[in-house]
Structures are given as C-alpha cells and as structure tokens.
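Student: I would like to learn how the words used for a protein structure are justified by values. Could we go through one structure together, term by term?

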Amino acid sequence: MGGDRSKVELSGFVAKNYDILMSLLTFGGYSRLIKGAIDKMDLKEGDRVIDFGCGSGKNAILMLKKMKFNGEIVGVDISKEMLEAAKRRSEKYKNFKVFDGRIEEDLPFENEFDHVFMSFVFHGFEDYDREKILKNAYKSLKDGGQLNILDYSEFDIDTANFIVRWFFKKFECPLAFEFIKIDLSKYVENFGFKVEKEIPLAFGYIRLLVTRKTL
C-alpha cells in the first residue's frame, strides 16, 4: 500500500469515529454526497455488489436500500475497527457480508458481481497497487459488469477553491495530490474497462466514474 504516503488504511480513534468525523468536517455534506452518488449508479434489484474498502458499512446499506433490499453486498476492508463496525451493521441484513482482505492483493472472487464500488479509496494507493486493484475488480465482475469509482476529479490544486486547498493540505495524503493529476478515464481503459459516464459532484472536484468491463 501507500505506507506513509497514504491515509486510506485507518485505525484507532479515526476509524472508530470515521462517519461522525466526516460528517462534522463537511458540515453534514459527506452523507449527502455518498447518497447522491449511489442514487446515480445503475443498481437494480437482485444485483450483487462488492464494495472495495467498505469501511463502516454505511455505504453498503445505502446500496441495499437503492436495490430495495433485494440484492447482495460483499464489503471488503482490512481495518479492524472498520470491519467491526461493518459486521455490526451486517448483523441486521442477511444479504450483507463482510470480508477481511486487502483489495490490492489477490481476492477469491471471479465473475461473481454486477458492480464493484470504491468510495474515496482509490486515490490512496501507489500506482502499482492501483493496477492490482483494477485487476481484482475486473476478475470479480461478471461479463459486462460495472466498476464505479467515487473519488476526486482531475484539477489544479493551486487554482482550486480555498476550502478545497485547505482540506487537501490539512487532511489529504501525498498520493491524493498525485491522483488529481491522473486522467482516470484513460487510465482504467488499460485494464479492460470502458467509461460509460462521468458524473461531476461537489462543484466538479469529485466525480462518480461509471465504467463497464469489456471482453
């Protein structure tokens, strides 16, 4: 993983209180952002979804709700605290399962899912690990399945909104500064994904990239 250059592998106080901290930091906007993005995904009743870096499992419940609780979510994470929170949430839902694993290492899923979802995870990995993650996503998806990446868009940090510059310099990792320079649409095409739509969010600083696995 990114080591000292990454902040996506959370532990301790931050991991235990992640949802609350993000809500406070964004004045309640974080939950609305996630829900708005999930509402724009092509989720259908009965779909199977794997959530790479599922965190506390809050996003998984939103996706199940979008599918009218007729579908299945597998959440993958490595953080002990996050997994505990996700497992507590999953106890209420038979169709939400939690898997302890690293998304940049081999996963035991093949041609099983209609969707892969990643929310503010991909930017926190070194390039060689991003390649492994995309290969895992490709392998996990059924033919024609969708990879959905919710993360930062491409933008120039020096000309960004003051609040965005402050947030990045205060809270984000070096890998995030590199990530916003990547043409992600072209990048994922190298790993067998065709971009179907890019949905800008948060004044264009964030986007939902919807791609489809090609043969």
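Student: Why is Lys132 called partly exposed?

Tutor: This is a predicted model, in which local features need pLDDT of at least 70 and side-chain atom pairs count only at pLDDT 80 or more, while totals for chains, interfaces and linings use all residues. Residues are numbered from 1 along each chain as its sequence is written, and side-chain values use heavy atoms, with hydrogens and water left out. Buried means under 20% relative accessible area, exposed means over 50%, and partly exposed lies in between (1.4 Å probe, protein chains only). Lys132 has a relative accessible area of 42%, so the label that fits Lys132 is partly exposed.

Student: What makes Lys132 and Asp129 a salt bridge?

Tutor: The term asks for a side-chain nitrogen of Lys or Arg within 4 Å of a carboxyl oxygen of Asp or Glu. In this pair the closest N and O atoms are 3.8 Å apart, and therefore Lys132 and Asp129 meet the definition. As background, side chains of opposite charge can pair when their charged atoms come close. The structure holds 13 salt bridges.

Student: Is Asp129 buried or exposed, and how many residues separate Asp129 from Lys132?

Tutor: Asp129 has 2% relative accessibility, so Asp129 counts as buried. The two residues are three residues apart in helix H6 (residues 127–140), which means that about one helical turn separates them. Helices (H or I, at least four residues) and strands (E, at least two) are DSSP runs, numbered from the N terminus.

Student: Which residues form salt bridges with Arg207?

Tutor: Glu154 forms one, with closest N and O atoms 3.0 Å apart, and this pair links distant parts of the chain, since Glu154 lies in the loop between strand E5 (141–152) and H7, whereas Arg207 lies in strand E7 (residues 206–213), 53 residues apart. Glu198 forms another, with closest N and O atoms 2.8 Å apart. Arg207 is buried, with a relative accessible area of 6%, while Glu154 at 36% and Glu198 at 41% count as partly exposed.

Student: Why is Phe162 called exposed, and what does Phe162 help to make?

Tutor: Phe162 has 58% relative accessibility, so Phe162 counts as exposed. Phe162 lies in helix H7 (residues 162–171) and, with Ile163, Trp166 and Phe171, makes a nonpolar surface patch of about 450 Å². Patches are made of residues with over 30% relative accessible area and no salt bridge, like charges being joined within 9 Å and nonpolar side chains (Val, Leu, Ile, Met, Phe, Trp, Tyr) within 5 Å. The areas come from the Shrake-Rupley method with a 1.4 Å probe, and for residues only the protein chains shown count as cover.

Student: How do you know that strand E4 and E5 pair?

Tutor: Two strands pair if DSSP finds at least two bridges between them. Strand E4 (residues 113–119) and E5 share six bridges in the parallel sense, so these strands satisfy the definition. Met118 stands opposite Ile149 in E5.

Student: What makes strand E3 and strand E6 edge strands?

Tutor: Seven strands form an open sheet in the order E3-E2-E1-E4-E5-E7-E6, with mixed pairing. Strand E3 (96–100) and strand E6 (193–201) are the edge strands, since each pairs on one side only.
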